[in-house]
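Subject: Structure handover

Hi,

Here is the structure for you to open. My notes follow below it.

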Amino acid sequence: MITLIAVALAAIAPTLPVAAEPAPEPTPVIFDTDMWGDIDDALALAMLHSLQDRGEAKLLAVTSSTDDPSTATFIDALDNFYGHGDIPVGLVRQGVTAQQTVTRFPFFGSDRGYTQALSSAQRPDGSFVFPHTLTNGASAPDSVALLRKTLAAQRDGSVVIIQVGFSTNLARLLQSKGDQSSPFDGMDLVKRKVRLLSVMAGAYADPKGQPVQKGEPEFNLILDIPSAQQLFDKWPTPVVASGFEIGASMRIKGNSIDRLYGYTRNHPVAAAYHYVDGIYRKKETPPGVLHNHATYDLTSVLYAIRPDDDYFNLSAPGKISVEPDGSSRFVAQTGGTHRYLTMNDAQRARALEALERMRDQIDLLNPYQFSIRVSDILRRYVTEQHGLPVTRQTSMEFLNALAKTPQFSSDEKLLLEDFLNRCDLIKFARHEATSADSRLLLEEAARFVNGGQLATV
Ligand SMILES: [Ca+2]
């Protein structure tokens, strides 16, 4: 649900809510990132650290797919900031460089990203503003060697890999031969150790959420197309992709950043967000306020660590392939190992969120006023959901009229009639009705919204 996503994403800071049923064992996870230009990588890694503190995740290693030593030092600075400075960091060699990225996507403006600027920032006394124990990123181990070593040390079938950048490291991992870490080649090692690959890549729906077979070319795929093609062709365990449309539809509110991270001076995530603000500001961004930012990489983290929390739905199984132009193609296939994330119905989530907020009003409003407010939420939901014209009727009259129309399924009619009967009870017993009646009414309303759709309108 949008509510839960908004709460979880907003809370990359230390206030991440505890899952209803926390996993008994933290998920062992490897984070593979193109940390450098876009800020969602830093937000996603910060979120993983918070999840680790809550016992839900265990970061085994972080590998960078941007070929720049500053990416490794900045990752290490973030790890240190969160008190997990012992997490090994790997760096791609002969991979996509910052310069290549800017040449292909000039909106970045410069090949000096926040990773360079922040990991080298020093105080007047020469100490680092964002301390890192990996003093020289160029000395970080090669990503593939680190991936192999990390996987070899884990239990079979246990590891979740989150890839939120280019596919260079993981494609090379699949091609790798046995070495001192493990006698198995890359394919065998992955097959043995990796339970799930949660990847941000491609596009699987249009902005309205309608599935498309071929998406628009997507950033993570475009910059290393051959590796992306190999990854989706060969990866031997289940893959769940978060398409461009998922993160684009959910944005972190810029005005929440300083509130979330203002608890300390020199928070690396807040500093990075401020650093890129000029790149991502839009005409409508008010002056003096940070821009709102898409949550692409965070959605892959959220799914990887909390797959059962209903933040997203999953597509049917199938096969994702990558076209020569850097677009993704999805074909449904029985027994396929690829799926992509889909959003739960947005209007329904919004109505449920509005109803949830009404819970605070149960004891503040008299039941009659309360029934009118809840009816207004239902009216808005039905009107928006089905593109119905707005009429001059009261919400109660509107819903009563709707309950008699043939468009309703019989289930839907029953649910709405239950709700309207309860409204009547409250209305005619105005003075005797209590907050318990309001509570029951709210439950009826939620049941209606959860209950189904109009058959056709
Ligand atoms: Ca990324």
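Helix α3 covers residues 69-81, 13 in number. From first C-alpha to last it reaches 19 Å, close to the 18 Å expected at 1.5 Å a residue. (That expected span is 1.5 Å times one less than the number of residues.) Helices (H or I, at least four residues) and strands (E, at least two) are DSSP runs, numbered from the N terminus.

Before you read on: this is a predicted model, where local features need pLDDT of at least 70, side-chain atom pairs count only at pLDDT 80 or more, and totals for chains, interfaces and linings use all residues. Residues are numbered from 1 along each chain as its sequence is written.

Ten of the 13 residues of α3 are buried, so the helix is largely enclosed by the rest of the structure. Buried means 20 or more other C-beta atoms within 10 Å of a residue's own, with C-beta atoms placed from the backbone. Among the buried ones are F74, I75 and L78. Their cover includes α2 (40-53), β2 (57-66) and α13 (268-280). G83 follows α3, with a positive phi near 80°.

Next, L174 in helix α7 (residues 168-175). L174 has 22 C-beta neighbours inside 10 Å, so it counts as buried. Leaving out residues up to four places away in sequence, L174 touches G186, M187, V190, Q230 and K234 (contact: C-beta atoms, placed from the backbone, within 7 Å).

Last, strand β5 (residues 194-200). Five of its seven residues are buried, so β5 is largely enclosed. β5 pairs in the parallel sense with β4 (residues 159-163) over five bridges and with β6 (residues 239-242) over four. Pairing needs at least two DSSP bridges.

Best wishes

Terms used: A residue is buried if 20 or more other C-beta atoms lie within 10 Å of its own, exposed if 12 or fewer, and partly exposed in between; C-beta atoms are placed from the backbone. Two residues are in contact if their C-beta atoms, placed from the backbone, lie within 7 Å.
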